[in-house]
Amino acid sequence: RAALLGSIENAQVYVVSGDSVMLRAIIIGRLFSNNVEVLNGINEGEKVVASGQINLTEGAKVTILNEN
């Protein structure tokens, strides 16, 4: 849930692609406490930014500090 930008109806996340990020629209399903079910928009195994999104723009360069 920390990775979400926008509202539940218009949710977006920054997806890491190589050393940069892409803003991607997603479709949210059920909500579970601090987790959300993603029905469409990202694939299993893709990495999303969960902290510091306010400082990002499309194509911004990123470095992964903690993969957990």
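Contact, as used for Asn40 and elsewhere in this briefing, means heavy atoms within 4.5 Å. By that criterion, and leaving out residues up to four places away in sequence, Asn40 touches Ala25, Ile26 and Ile27. The structure is a predicted model. The points below cover its nonpolar cores, its two largest pockets and a selection of individual residues.

**Nonpolar cores**

- The largest nonpolar core consists of eight residues: Ala3, Leu4, Ala11, Val13, Val15, Ile26, Ile28 and Val36.
- A second core lies apart from the largest one and has six residues, including Val16, Val21, Leu56 and Ala60.
- In soluble globular proteins, nonpolar side chains tend to be buried together.
- Ala11, a member of the largest core, is in contact with Leu4, Leu5, Arg24, Ala25, Ile26 and Ile28 when neighbours within four places in sequence are set aside.

**Pockets**

- Rolling a probe the size of a water molecule over the atoms shows where empty space is left.
- The largest pocket holds about 440 Å³ of space.
- Its lining comprises 16 residues, and those closest to the centre of this pocket are Val48, Val49, Ala50, Ile64 and Asn66.
- By class, the lining of the largest pocket contains eight nonpolar, five polar and three charged residues.
- The second largest pocket holds about 190 Å³ of space.
- There are 13 residues in the lining of the second largest pocket, with Arg1, Ala3, Val36, Val38 and Val48 nearest its centre.
- Strand β4, residues 35–40, supplies the largest share of that lining, namely three residues.
- The lining of the second largest pocket divides into ten nonpolar residues, two polar residues and one charged residue.
- Val48 is named among the residues nearest the centre in the largest pocket and also in the second largest pocket.

**Gln53**

- Gln53 belongs to the segment after β4.
- Its relative accessibility is 10%, so Gln53 counts as buried, the cut-off for that class being under 20%.
- A polar atom of the Gln53 side chain lies 3.4 Å from the backbone oxygen of Ala3.
- The backbone oxygen of Val49 is 3.2 Å from a polar atom of the Gln53 side chain.
- Beyond residues up to four places away in sequence, Gln53 touches Ala2, Ala3, Leu4, Leu5 and Tyr14.
- Of these partners, Ala3 and Leu4 are members of the largest nonpolar core.

**Val16 and Ser20**

- Val16 is placed in strand β1, which spans residues 12–17.
- Outside the residues up to four places away in sequence, Val16 touches Val21, Lys47, Val49, Val62 and Ile64.
- Val16 and Val21 both belong to the six-residue core.
- Between the C-alpha atoms of Val16 and Gly59 the separation is 9.4 Å, and the two residues are 43 apart in sequence.
- Ser20 is located in strand β2, residues 20–25.
- Ser20 is classed as buried because its relative accessible area is 16%, and buried means under 20%.
- Ser20 touches Val15, Gly59, Ala60, Lys61 and Val62, with residues up to four places away in sequence not counted.
- From Ser20 to Gly45 the C-alpha distance is 16 Å, with their positions 25 residues apart in sequence numbering.

**Ser33 and Asn40**

- Ser33 is found in the loop between β3, residues 27–32, and β4.
- Although Ser33 is not a glycine, it has a positive phi of about 50°.
- Ser33 counts as exposed because its relative accessibility is 65%, where exposed means over 50%.
- Asn40 is in strand β4.
- With a relative accessible area of 48%, Asn40 is partly exposed.
- Asn40 and Ile27 are 13 residues apart along the chain, and their C-alpha atoms are separated by 5.1 Å.
- Ile27 is also one of the residues that Asn40 touches.

Terms used:
Residues numbered from 1 in each chain as written. Predicted model: local features only at pLDDT ≥ 70, side-chain atom pairs only at ≥ 80, totals over all residues. Heavy atoms only, no water. Core = buried A, V, L, I, M, F, W, Y, C linked by side-chain atoms within 4.5 Å. Buried < 20%, exposed > 50% of the residue type's maximum accessible area, 1.4 Å probe, protein only. 1 Å grid on protein atoms, 1.4 Å probe; cavity = no way out; pocket = protein on both sides within 12 Å on 5 of 7 lines; lining within 4 Å. Points joined across faces, edges and corners; volume = space filled by probe spheres on them. Nonpolar A, V, L, I, M, F, W, Y, C, P; charged D, E, K, R; others polar. Helix = DSSP H or I, 4+ residues; strand = E, 2+ residues; numbered from the N terminus. Polar contact = N/O pair within 3.5 Å; in protein donor to acceptor, adjacent residues only side chain to side chain.
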